[in-house]
Amino acid sequence: MQDMAHAETNRGRIRRILLDPLGFRFPKKVEPEEAQRRLDRIADDLGYLADASLKALEEMLRSKGQGSDRNFWPDHATFIGFAEVIQPRPLDELPALRSWFGSVEGPRAIAEGTLVETYGWIARRKVPPYTPQARALVLEEAAQNARRLSIIAERKAAGLSVATDDLDWERAYRRRMADCQALVERERTLRGKETVE
């Protein structure tokens with residue numbers, strides 16, 4: 001029972017797996033309280049990472065120390081940038097981006113048939129597809145996915161066999177669609193608006 005009383009915190013887990021093994025230091029001008037605050041911020045922002053991802057991040061950052069001897073802590077953005085490469089932060093942890101689906105854009109993506117692809121774009125890039133080029137890429141991906149769904153449906157209706165990969169992809173796509181629609185409904189409800197305007 002003593003182990004339960006001393007359960008490791010998420011910050012402790014980040015320190016043990018990532019920060020302590022890196023062993024960087026701060027310049028002498030950084031006060032100990034400020035140094036702790038900076039490391040706590042890094043730990044808090046990386047709390048979503050799985051242990052394996054933290055170990056991979058430690059390997060990547062080992063050579064990224066700052067200063068002439070490369071032994072000072074890299075800046076916060078370096079940690080976040082490399083973490084995104086290893087394991088992107090879930091949208092559920094990014095309220096500003098998540099709320100985008102509660103704006104008029106969520107129902108618009110549903111109406112255009114681009115909801116899943118828009119979610120994928122935002123999840124990968126952490127920014128909505130605002131530019132005409134970005135919207136064109138999302139529309140193109142949505143058209144390809146709609147075509148693939150149509151081919152699978154036609155094969156099923158004709159009694160033809162469908163490849164296991166295609167069936168797995170279809171299930172995953174439909175599951176993501178349901179999750180995305182639920183996200184739009186949740187965010188619209190939070191804003192006090194109907195899902196369809």
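**Helices, contacts and turns**

Student: Which residues does histidine 76 touch, not counting residues up to four places away in sequence?

Tutor: Histidine 76 lies in helix H5; helices here are DSSP runs of H or I with at least four residues, numbered from the N terminus. Contact means heavy atoms within 4.5 Å. With sequence neighbours up to four places away set aside, the ones histidine 76 touches are Arg41, Ile42 and Asp45.

Student: Which side chain does the side chain of histidine 76 make a polar contact with?

Tutor: First, the ground rules: this is a predicted model, where local features need pLDDT of at least 70 and side-chain atom pairs pLDDT 80 or more, while totals for chains, interfaces and linings use all residues. Residues are numbered from 1 along each chain as its sequence is written, and side-chain values use heavy atoms, with hydrogens and water left out. A polar contact is an N or O pair within 3.5 Å; within protein, one atom must be able to donate a hydrogen and the other to accept it, and residues adjacent in sequence count only if both atoms are side-chain atoms. At 2.6 Å, the partner of histidine 76 is the side chain of aspartate 45.

Student: Moving to helix H2 (residues 10-22), how far apart are its end C-alpha atoms?

Tutor: The expected span is 1.5 Å times one less than the number of residues. H2 has 13 residues, so it should span 18 Å, and the model agrees with that: the end C-alpha atoms are separated by 17 Å.

Student: On which residue is the kink in H2 centred?

Tutor: The bend at a residue is the angle between axes fitted to the seven residues ending there and the seven starting there. In H2 that gives a kink of about 45°, centred on arginine 16.

Student: What covers the buried residues of H2?

Tutor: Buried means under 20% relative accessible area, exposed over 50% and partly exposed in between, using a 1.4 Å probe and protein chains only. By that rule Gly12, Arg13, Ile14, Ile17, Leu18, Leu19 and Leu22 are buried in H2. The cover includes H3 (32-45), H4 (51-61) and H5 (76-86).

Student: How do H2 and H3 lie: roughly parallel or roughly perpendicular?

Tutor: Axes are lines fitted to C-alpha atoms over the stretch in contact, and angles run from 0 to 180 degrees between N-to-C directions. H2 and H3 pack at about 95°, with axes 9 Å apart. Under 35 degrees counts as roughly parallel, over 145 as roughly antiparallel, 65 to 115 as roughly perpendicular and the rest as oblique, so H2 against H3 is roughly perpendicular.

Student: Which residues in H3 do Arg11, Ile14, Arg15 and Leu19 in H2 meet?

Tutor: Of those four, Ile14 and Leu19 are among the buried residues of H2. On the H3 side, the residues met by the four are Gln36, Leu39, Asp40, Ile42, Ala43 and Asp44.

Student: How many of the eleven residues of helix H8 (residues 115-125) are buried?

Tutor: The buried set is Leu115, Val116, Glu117, Thr118, Tyr119, Gly120, Trp121 and Ile122. Their cover includes H6 (95-98), H7 (105-112), H9 (132-157) and H10. H8 is mostly covered, and the buried count is eight.

Student: Is threonine 118 buried or exposed?

Tutor: Threonine 118 lies in H8. Beyond four places in sequence, threonine 118 touches Trp100, Phe101, Ala109, Pro129 and Val138. Its relative accessible area is 4%, so threonine 118 is buried.

Student: What is phi of lysine 126 near?

Tutor: Most residues other than glycine have a negative phi. Lysine 126 comes just after H8, in the loop between H8 and H9. Against that general habit, its phi is positive, near 60°.

Student: And what is the positive phi of arginine 70, which is not a glycine either?

Tutor: Arginine 70 lies in the loop between H4 and H5. At 48% relative accessibility, arginine 70 counts as partly exposed. Its phi is about 55°.

Student: What does the side chain of threonine 189 reach at 2.7 Å?

Tutor: Threonine 189 lies in H10 (residues 164-190). With 60% relative accessibility, threonine 189 counts as exposed. At 2.7 Å, its side chain reaches the backbone oxygen of glutamate 185.

Definitions and conventions. Helix = DSSP H or I, 4+ residues; strand = E, 2+ residues; numbered from the N terminus.
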